[in-house]
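Here is a friendly walk through one protein model, written for someone who likes to check contacts and angles while reading. Please keep the viewer open as you go.

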Amino acid sequence: MATATSIIRSPAVLLFDKGTVSDQNTPSPFHAPKFSFNRCRFTALSSSRHDGNNINDGSNKITKAVGLEKLFEDSPYDISKDSPLHPRPLTSTQLSNTISYGPRLRVAYQGVRGAYSEAAAEKAYPNCEPVPCDQFDAAFEAVEKWLVDRAVLPIENSLGGSIHRNYDLLLRHSLHIVGEVKLAVRHCLLANHGVRIEDLTRVLSHPQALAQCEYTLTKIGLSREAIDDTALAAKHVAFEKLKDTGAVASSTAAKIYGLNILAEDIQDDCDNVTRFLMLAREPIIPGVEKPFKTSIVFSLEEGPGVLFKALAVFALRQINLTKIESRPLRNQPLRASDDSNNASKYFDYLFYVDFEASMAEERAQNALTHLKEFATFLRVLGSYPVDTTML
């Protein structure tokens, strides 16, 4: 199996790879196993639009027709036809033109004003200056280039599952998870003033939002069309003054873009919660004074019971796992079997694991030391306080 250094483009701190030399110049803020503290320079990445979130069904795909280029003007802070107060989402090409000034914490999020991600950023960092970005990639890059101080990005939803794109970006970039925030998602059906539900024939929103409201939208009899973001859908309906089209978005988006709320809480399940990660350039010093969670990613050699042994290092120390996610290796997804009598191929995987323990605890350090004995790659993404609140 190829070494991690040939697979991972930009490894961050708290990383080990068999055969990799540790950089001892960066001191550890706490006593931990000897994982290397290797700080690599940022490698510029091109933003990849949508990454599988679009619905490719011909007439229902309007993402390009309602893209950012169509809605926004050239000025970074003048995107609306009627109001100059809404900041324009940053793109990867614009990042070099923006610098973080002043005492207010600048926090990047994906979307436009009124997005649920903006609400999560404001919950995570009250009184911050939210900075919209057009794609997840741009938010990662903005933090790494010191254009913003933090990023708050979704990682999983209780109904829609994991945001796979952000799992991949966590590994490509050298940011650290410094916290989490959970946000209750309450969808509303929005339309222009004077428009009734019976006047609507279609509805716009993010694919996950449409899926989360499938029962209600089917009952009303509306066709669904996907767009990048819930708030962007509300913005489009408002600016185009559409009379036959509604949007599924938040009540905050309705206020920002002057829309009427035709129906509230239209999600099929009331327990609709999205978990966001708070990302920074440097890790925080983990403690033991409050509940902590640690996120790691590792890979293993293929073989019977290898994953069982990897997970057993936590069970042996009474460490609870809260999440495990597997993702095929991007650059080497298939590997031929070593068995000469069996020519089959199988996937090589990365395993993302969250567990309830702080890296300041000896049991967590011992568990990772144990895991290191048979893992081919291991990286700690962050050790951070658990969010015990709900909004």
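In helix H5, the buried residues are Arg 165, Asn 166, Tyr 167, Asp 168, Leu 169, Leu 170 and Leu 171. That is 7 of the 9 residues of H5, so this helix is mostly covered. Before going further, please bear in mind that this is a predicted model.

**The partner of H5**

Helix H4 covers residues 136–144 and helix H5 covers residues 164–172; their axes come within 10 Å and cross at roughly 30°. Because angles under 35 degrees count as roughly parallel, H4 is roughly parallel to H5. The crossing of H4 past H5 is right-handed. On the H4 side, Phe 136, Asp 137 and Phe 140 make the contact, and they meet Arg 165, Asn 166, Leu 169 and Leu 170 of H5. Sorted by class, this contact of H4 with H5 holds 4 nonpolar residues, 1 polar residue and 2 charged residues. Arg 165, Asn 166, Leu 169 and Leu 170, which H5 brings to this contact, are also on the list of buried residues in H5.

**A second helix pair**

Now turn to helix H10 (residues 306–315) and helix H11 (residues 362–372), whose axes come within 9 Å and cross at roughly 165°. With that angle, H10 is roughly antiparallel to H11. Here too the handedness can be stated: H10 passes H11 in a right-handed crossing. H10 contributes Ala 310, Val 313 and Phe 314 to the contact, while H11 contributes Ala 367, Leu 368, His 370 and Leu 371. The class count for the contact of H10 with H11 is 6 nonpolar, 1 polar and no charged residues.

**Buried polar side chains**

Which polar atoms lie within reach of the side chain of Ser 250? One is the backbone oxygen of Gly 114, 3.1 Å from a polar atom of that side chain. Another is the backbone nitrogen of Ala 253, which also lies 3.1 Å from a polar atom of the Ser 250 side chain. Ser 250 sits in the loop between strand E10 (245–249) and helix H9 (251–257). Its relative accessible area is 7%, so Ser 250 is buried. Leaving aside residues up to four places away in sequence, Ser 250 touches Gly 114, Tyr 116, Arg 186, Cys 188 and Leu 190.

Thr 376 belongs to strand E18 (residues 375–385). Thr 376 has a relative accessible area of 11%, so it counts as buried. Its side chain makes a polar contact of 2.6 Å with the side chain of Ser 299. The chain also brings Thr 376 together with Phe 298: these two residues are 78 apart along the chain, yet their C-alpha atoms are separated by 7.3 Å.

His 176 lies in strand E6 (residues 176–184). With a relative accessible area of 2%, His 176 is buried. The side chain of His 176 reaches the backbone oxygen of Arg 281 at 3.4 Å.

The polar pairs of this section are gathered here for checking in the viewer.

| Side chain | Partner | Distance |
|---|---|---|
| Ser 250 | Gly 114, backbone oxygen | 3.1 Å |
| Ser 250 | Ala 253, backbone nitrogen | 3.1 Å |
| Thr 376 | Ser 299, side chain | 2.6 Å |
| His 176 | Arg 281, backbone oxygen | 3.4 Å |

**Loops with positive phi**

Is Asn 127 buried or exposed? At 70% relative accessibility, Asn 127 counts as exposed. Asn 127 is placed in the loop between helix H3 (116–124) and strand E3 (129–133). Its phi is near 65°, a positive value in a residue other than glycine.

Gln 318 likewise is not a glycine and has a positive phi, of about 60°. You will find Gln 318 in the loop between H10 and strand E14 (321–328). Gln 318 is exposed, and its relative accessible area is 67%.

**The whole chain**

To finish, zoom out. The secondary structure of the protein chain comes to 11 helices and 18 strands. Of its 391 residues, 53% count as buried. Among contacts between residues at least 6 apart in sequence, 75% join residues at least 24 apart.

Notes. Residues are numbered from 1 along each chain as its sequence is written. This is a predicted model: local features need pLDDT of at least 70, side-chain atom pairs count only at pLDDT 80 or more; totals for chains, interfaces and linings use all residues. Side-chain values use heavy atoms; hydrogens and water are left out. Axes are lines fitted to C-alpha atoms, for helices over the stretch in contact, and angles run from 0 to 180 degrees between N-to-C directions. Helices (H or I, at least four residues) and strands (E, at least two) are DSSP runs, numbered from the N terminus. Angles under 35 degrees count as roughly parallel, over 145 as roughly antiparallel, 65 to 115 as roughly perpendicular and the rest as oblique. A crossing is left-handed if the near helix is turned anticlockwise from the far one by less than a right angle, and right-handed if clockwise. Contact means heavy atoms within 4.5 Å. Ala, Val, Leu, Ile, Met, Phe, Trp, Tyr, Cys and Pro count as nonpolar, Asp, Glu, Lys and Arg as charged, and the others, Gly among them, as polar. Buried means under 20% relative accessible area, exposed over 50%, partly exposed in between (1.4 Å probe, protein chains only). A polar contact is a pair of N or O atoms within 3.5 Å; within protein, one must be able to donate a hydrogen and the other to accept it, and residues adjacent in sequence count only if both atoms are side-chain atoms.
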